[in-house]
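Q: I would like to learn how to read the features of a model like this one. Please take them one at a time.

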Amino acid sequence: MDTIEQIESQRDELARQIASVGEFRPGNLYENARKCGNPKCQCARPDGTLHRGWLLTRKVSRKTRSRSIPKFALDDTRRQVDEHRRFVDLVRRFTEVNEMLCEQRLKLRRSEKNRFCAGGGIRRYARRRNAE
Ligand SMILES: [Zn+2]
């Protein structure tokens, strides 16, 4: 089991990494092929090719929202999506480390309290026996 000091330094390191997170956005990127809806476009013909593009989708209160990502923004969006995953992972680890820290402090305080209570109990018992 790690000491409180070790856990504190893990927490501080994670806080540093969280502070270094760049711009991010949640979602998943995927390529799709679709018709644009213009009846005069070549994509509307049976032999026409579909428009290929990239979509960024994410769930918002159980509904999937998607927006198209232009090709020029694809690399940036990939980085932003990856950065969001990194952020979520860091926050998860940061939460775990903080929880560990709280648990260790609780254990420490409990053992200090038990030591005090046990001592007090023995003293009281001894006093009572002497009084008899
Ligand atoms: Zn079209």
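Q: What percentage of the 132 residues in the protein chain is buried?
A: Burial is read by counting C-beta atoms around a residue, with 20 or more others within 10 Å needed for the buried class. In this predicted model, buried residues make up 3% of the 132 residues in the protein chain.

Q: What is the mean pLDDT of the protein chain, and which elements have the lowest and highest confidence?
A: Confidence is read first for the whole chain, then for each element. The protein chain averages a pLDDT of 89, and 87% of its residues score at least 70. By element, the lowest confidence falls in helix α2 (residues 74-131), with a mean of 84, and the highest in α1, with 97.

Q: How many helices and strands are there, and in what order do they run?
A: Count the elements, then follow them from the N terminus. The protein chain has 2 helices and 3 strands, arranged as α-β-β-β-α from the N terminus on.

Q: In what order do the strands lie in the sheet, and which are the edge strands?
A: A sheet is read through its pairings. Here 3 strands make an open sheet in the order β1-β2-β3, with antiparallel pairing. β1 and β3 are the edge strands, each pairing on one side only. From one strand to the next, the twist averages 40°.

Q: How many bridges join β1 to β2, and how many join β2 to β3?
A: Take each pair of strands separately, then look up partners. Strand β1 (residues 28-34) pairs with strand β2 (residues 51-60) over 7 bridges in the antiparallel sense; within this pair, Y30 has L55 in β2 as its bridge partner. Between β2 and strand β3 (residues 63-69) there are also 7 bridges, again antiparallel. On that side, L56 has R67 in β3 as its bridge partner, and K59 stands opposite T64 in β3.

Q: How many residues lie between β2 and β3 in their hairpin, and which residue in the turn has a positive phi?
A: For a hairpin, look at the residues that link the two strands and at their backbone angles. β2 and β3 form a hairpin with 2 residues between them. S61, in the turn, has a positive phi of about 40°.

Q: Why does β1 lie largely in the open?
A: The burial count can be applied to a whole element. Of the 7 residues of β1, the number buried is 0, so β1 lies largely in the open.

Q: Where is K35, and is it buried or exposed?
A: Place the residue in its element, then count its neighbours. K35 is in the loop between β1 and β2. It counts as exposed because it has 12 C-beta neighbours inside 10 Å, and 12 or fewer is the cut-off for that class. Leaving aside neighbours within four places in sequence, K35 is in contact with C43, A44 and L50. K35 and R52 are 17 residues apart along the chain, with 9.0 Å between their C-alpha atoms.

Q: How far apart are E5 and L101 in sequence and in space?
A: Compare the separation along the chain with the distance in space. E5 and L101 are 96 residues apart in sequence and 9.2 Å apart in space, C-alpha to C-alpha. E5 lies in helix α1 (residues 4-19) and counts as exposed, with 8 C-beta neighbours inside 10 Å. For the whole protein chain, residues 24 or more positions apart account for 57% of the contacts with a separation of 6 or more.

Note on methods
Residues are numbered from 1 along each chain as its sequence is written. This is a predicted model: local features need pLDDT of at least 70, side-chain atom pairs count only at pLDDT 80 or more; totals for chains, interfaces and linings use all residues. Two strands pair if DSSP finds at least two bridges between them. Helices (H or I, at least four residues) and strands (E, at least two) are DSSP runs, numbered from the N terminus. Two residues are in contact if their C-beta atoms, placed from the backbone, lie within 7 Å. Axes are lines fitted to C-alpha atoms, for helices over the stretch in contact, and angles run from 0 to 180 degrees between N-to-C directions. pLDDT is the predictor's confidence in each residue, from 0 to 100.
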